Amino acid sequence: MKLTNIPYLASSSSTGFLYSSYCRGACRGRSDGKLVIAASAAGNKLAADSACSQLFEQENEDALSGPRSSCRYRRRNFASSILLPFLLPCVNISTAAEIYDGSIIRSGVRNVLTKAKAAGVLRLVFHDAGTFDISEKSGGMNGSIIYEIDRPENTGLNRSIKVLGKAKKEIDNVQKVSWADLIAVAGAEAVALCGGPEIPVRIGRLDSRAADPAGKLPEETLDATSLKTLFGKKGFSTQEMVVLSGAHTIGGKGFGSPIVFDNTYFKVLLEKPQTSSSGMAAMVGLRTDWALTEDDECLRWIRVYAEDQARFFDDFKDAYIKLVDSGASWRTA
Ligand code: HEM
């Protein structure tokens with residue numbers, strides 16, 4: 001689907017909304033209305049006006065010729081000519097240009113995302129947001145991952161950035177999107193695409209222009225106590241750390257199907273296949289995943305989520321929202 005075909009949705013900007021109302025009202029009922037929609041979404045008032053007046057001229061011709069030359073048509077054109085001068089002064093070009101629509105970002109992401117790419121995209125979210133440090137007031141969900149791609153912990157993530165880069169190019173043609181918003185929305189779409197919860201993601205994050213401090217992401221060798229300390233510095237409780245780790249249920253770490261987001265991660269952790277003598281079983285999971293089972297508090301949450309997938313989905317949704325909002329700076333308009 002081309003992004004220019006996306007139906008216009010109300011924006012948070014009241015003048016932007018007025019502008020779209022004017023276009024929709026004036027061109028309602030015409031399939032060509034999408035021209036106006038596309039132009040107004042891109043903030044191009046001139047293009048929108050010209051498309052709108054083309055449609056009006058066409059409508060006038062239709063009304064004057066042929067069987068549809070009825071009183072109803074003449075009344076509608078008369079009403080439009082009276083109303084338009086009052087509506088036009090409400091249009092503010094600069095505000096129209098600031099329209100920022102989450103559905104356009106979601107559609108752009110859906111055009112490039114597949115189940116096979118979902119795990120890499122979700123991991124990207126953690127590696128962008130996971131640099132957050134409350135006490136240092138640094139890092140977080142700010143798109144800085146694009147400057148950090150050469151760090152060893154980010155190996156392989158360039159593929160996901162490339163995938164989202166394609167979406168960004170498409171979306172930028174309609175409205176400029178920040179990397180931070182794009183990654184946050186894409187992670188939520190990845191979860192939903194694999195059968196996980198629908199996660200509403202607020203938009204309006206600003207991008208950082210430099211890399212975040214290094215050494216903030218967890219190493220694979222950490223034990224549960226160190227993991228708790230590390231997540232605590234980012235504002236996450238033990239429960240939130242355990243539920244977020246459930247993201248490992250998708251991807252290549254061997255917790256069930258790599259493309260199905262469910263609570264298999266927790267079920268497999270309770271089965272403890274790493275203690276099995278089979279070589280295959282020993283390949284399942286990371287050391288940090290098993291470390292969670294050695295801590296009583298973490299184990300309690302693992303049991304809760306292994307027994308109750310709905311609870312896992314609910315808590316994951318909340319923790320994900322917290323993750324993608326951590327350390328974010330927001331647009332003011
Ligand atoms: C608890 C601390 C965590 C550690 C130490 C950790 C580390 C890792 C490592 C080493 C991999 C394997 C990468 C590879 O195959 O090359 C991985 C995969 C993954 N991680 Fe984490 N991670 C952690 C938490 C998280 C969180 C909180 C999320 C998301 C909310 C996440 C999402 C993922 C995903 C989806 C994959 C699979 C990627 C794929 O197979 O393409 N991880 N993680």
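Which exposed residues does the face of H10 turned away from its buried side carry? I started with this question and kept in mind that the model is predicted.

**Entry 1: helix H10.** I looked up H10, which spans residues 224–232. On the face turned away from the buried side of H10, I found the exposed residues Thr225 and Thr229. I then listed the buried residues of H10, which are Ala224, Leu227 and Lys228. Viewed down the helix axis, these buried residues fall within an arc of 100 degrees, so they line one face of H10. I noted Lys228 as one of the buried residues.

**Entry 2: what H10 packs against.** I followed the buried residues of H10 to their partners and found H11, helix H14 (287–293) and helix H15 (296–307). H11 came up again when I turned to the ligand, since H11 (238–245) supplies at least two residues of the shell there.

**Entry 3: the ligand shell.** I counted 19 residues around the ligand. Those that come nearest are Ala119, Phe126, Leu244, Ala247 and Gly251. Helix H7 (115–129) also supplies at least two residues of the shell. H7 in fact gives the most, with six residues. Sorting the shell by class, I got ten nonpolar, seven polar and two charged residues.

**Entry 4: confidence.** I checked pLDDT last. The mean for the protein is 78, and 67% of its residues reach 70 or more. Over residues 4–96, pLDDT stays under 50. For that stretch the model has 89 contacts beyond four places in sequence. Where pLDDT is low, the predicted coordinates should not be read in detail. I therefore left the contacts of residues 4–96 without further reading.

Terms used. Residues are numbered from 1 along each chain as its sequence is written. This is a predicted model: local features need pLDDT of at least 70, side-chain atom pairs count only at pLDDT 80 or more; totals for chains, interfaces and linings use all residues. A residue is near a molecule or strand if its C-beta atom, placed from the backbone, lies within 6 Å of it. Helices (H or I, at least four residues) and strands (E, at least two) are DSSP runs, numbered from the N terminus. Ala, Val, Leu, Ile, Met, Phe, Trp, Tyr, Cys and Pro count as nonpolar, Asp, Glu, Lys and Arg as charged, and the others, Gly among them, as polar. A residue is buried if 20 or more other C-beta atoms lie within 10 Å of its own, exposed if 12 or fewer, and partly exposed in between; C-beta atoms are placed from the backbone. The arc is that of the directions from the helix axis to the C-beta atoms. Two residues are in contact if their C-beta atoms, placed from the backbone, lie within 7 Å. pLDDT is the predictor's confidence in each residue, from 0 to 100.
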